[in-house]
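Colleague: Hi! I'd love a walk through this model, one piece at a time. Can we look together?

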Amino acid sequence: MASVKSLNPSSEVVRRADALNVNINAGKALQGILKTNLGPKGTLKMLVSGGGDIKLTKDGSVLLQEMHIQNPTAALIARTAAAQDDISGDGTTSNVLLIGELLRQCERFLSEGVHPRVLVEGLELGKKKALELLEKYKIKKDTTDRELLLNVARTSLRSKIDPELADSLTEMITDSVLTIRRPNQPIDLFMVEIMHMVHKTSAETQFIKGLVLDHGARHPDMPKRLENAFILTCNVNFEMEKTETNSAFTYATAEERENLAESEHRVVDDRVKKVIELKNLVCDTPDKKFVVINQKGIDPFALDMFARAGILALRRAKRRNMERLMLACGGEAVNTVDDMTPKVLGFAGLVYEQVLGEEKYTFVEGVKNPFSCTLLIKGPNQHTITQIKDAIRDGLRAVKHTIEDGCVVPGAGAFEVACSVAMNKYKDQVTGRAKLGVQAFADALLVIPKTLAENSGYDTQDSIIKLQEGINAGHVVGIDVYTGEPMDPDAEGIYDIYRAKRQLLNSSSVIASQLLLVDEIIKAGKQMKKIEEDA
């Protein structure tokens, strides 16, 4: 009888071999679900919510977030894979596959009576050797080279969405990251604004070297299209201000009330006139225009004054867009209209408004040296837009991490096959039964190229043998998912992210080791006791 039973008779206990089987079967089951999604030729999963909403995806991160996983072991593996996505933006499906395969390979030796601790020691040795090989195998490159970044983005996107759509998004994502990149400063992906419109098709998605605001002018007489426009970014109240404390004004006659209202309007009018004076100062020729983008409100009287002066004025702009506006257009954000000079103004070659149904969008384009940009996602329905948005998020991080790492790893399963071959040679240097754990690690690594071949419709054994022969001949080879033959991933431009591979090797071996060392699964807690009392 388990010791915990004497402390809590209501507890549920799974012991020894049964506990191991529960963990191994959970890892294999989760691997079986995600296995068919790996790679460009992977299939899709249809997720149906309780409300009947349907989502089609093969992104491992989205699947693990949306699926309702009740098994505690599977939930632990899913959280590990989600952490992989948070850290590196890629490799979620690979993480689940490698953990499941490590457990599967160790199951062979466990059934022959090998103690889990011996296997865990071998897995630890295998992990250290794999990380050493990764350092040797990575390729140092100029990661600011646009062509390299295009290849990295394309490799990441093709494993998540349709190849044609992936190819069209590749350039947009790469140019977005290169636009916001500043020397000697960390890349801030929040400076890439991701907007969406339920409009036309996904092929209409645009990269805009500027900004798109999700609102338009509030006056019908304001211009809808401006070229060579000066941009005033401000946080000024162009409406009657309310007091910060509860207060009341009393007046004896209607004339006093009119005077009070007039004095309040005069304060706002004076602010508007100062903006119009600045506009008249800088717009000395008819081809120059003026735009005001304000974070606070603009009342109808002020809007009318701006419209008569030919100024496009936008009110209640989002705070996050104010910083982006300055990075995109230049200039400074002002909090007062006093002592304004032309130095505070930004510039845009083109500002125009687009109306879709009841929604208005303002496009700010033609900026000179932008450090902020917009990806405008278009699609016929919300499902398509969500799918593109998830892919763009992963693509942006793939490009960002490649720039920061300064190196790449050959993709298409090339590293896994080379590492497996090297690990089998390293196994002979390990003494004792720990070499069984190294053997399990070496065999488990082949799950990635095997799955790529299987999902592409080719014989896994033939593909693996050809790849191993290529590695033994001294070549760097991965699997070509379109022919099933070995190919040089460096020549084909197929690259994986270095930090994703490093995180994959680390986290998968750690989780597999911890699951192998579990000898009891105990379901006993205060919540169970409370449920029994209620019953």
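**Starting with a strand pair**

Modeller: Sure, start here: Val408 stands opposite Ile497 in β18. Before we go on, this is a predicted model, so local features need pLDDT of at least 70 and side-chain atom pairs count only at pLDDT 80 or more, while totals for chains, interfaces and linings use all residues. Residues are numbered from 1 along each chain as its sequence is written, and side-chain values use heavy atoms, with hydrogens and water left out.

Colleague: Got it. How many bridges join β15 to β18?

Modeller: Three bridges join them, and the two strands run antiparallel. Strands here are DSSP runs of E with at least two residues, helices are runs of H or I with at least four, and both are numbered from the N terminus. Two strands pair if DSSP finds at least two bridges between them.

Colleague: And in what order do the strands of that open sheet come?

Modeller: The order is β4-β15-β18, three strands with antiparallel pairing. The edge strands are β4 (residues 139–140) and β18, each pairing on one side only.

Colleague: What about β4 and β15, how many bridges join those?

Modeller: Two bridges, again in an antiparallel run. Ile139 stands opposite Val408 in β15, and Lys140 stands opposite Cys407. That gives Val408 partners in two strands: Ile139 in β4 and Ile497 in β18.

Colleague: Which way do the side chains of β15 point?

Modeller: Cys407 and Val409 point one way, Val408 and Pro410 point the other way, and all of them are buried. Buried means under 20% relative accessible area, exposed means over 50%, and partly exposed is in between (1.4 Å probe, protein chains only).

Colleague: Let's hop to β2. Which of its side chains are buried?

Modeller: Strand β2 covers residues 45–48, and its Lys45 and Leu47 point to one face and are buried. Met46 and Val48 point to the other face and are not buried. That fits a broader pattern: in a regular strand the side chains alternate between the two faces of the sheet.

Colleague: What does β2 pair with?

Modeller: Four bridges join β2 to β3 (residues 54–57), and the two run antiparallel. Leu47, one of the buried residues of β2, has Lys55 as its bridge partner in β3. The hairpin of β2 and β3 has five residues between the strands, and Gly52 there takes a positive phi near 95 degrees.

Colleague: Where else does a glycine have a positive phi, say after α4?

Modeller: Gly89 follows α4, and its phi is positive, near 80 degrees. Helix α12 is followed by Gly406, whose phi is positive too, near 75 degrees.

Colleague: Which non-glycine has a positive phi of about 60 degrees?

Modeller: That's Ala412. Ala412 is in the loop between β15 (407–410) and α13 (414–427), and it is buried, with a relative accessible area of 13%. Arg316 is another residue other than glycine with a positive phi, near 50 degrees; its place is in the loop between β10 (312–314) and α11 (319–329). For background, most residues other than glycine have a negative phi.

Colleague: Back to the helices. How far does α12 reach?

Modeller: Helix α12 (residues 382–405) has 24 residues and reaches 35 Å from its first C-alpha to its last, close to the 34 Å expected. The expected span is 1.5 Å times one less than the number of residues. Helix α4 has 17 residues and reaches 24 Å, close to the 24 Å expected.

Colleague: And which residues of α4 are buried?

Modeller: The buried ones include Thr73, Ala74, Ala75, Ile77 and Ala78. Further along α4, the list also includes Gln84, Asp85 and Ser88.

Colleague: Last topic: where does Asp214 lie?

Modeller: Asp214 lies in the loop between β7 (211–213) and β8 (225–234). Asp214 is partly exposed, with a relative accessible area of 27%.

Colleague: Which residues is Asp214 in contact with?

Modeller: Leaving aside neighbours within four places in sequence, Asp214 is in contact with Met195, Lys318, Lys360 and Tyr361. Contact means heavy atoms within 4.5 Å. Glu227 is 13 residues from Asp214 along the chain, and their C-alpha atoms are separated by 20 Å.
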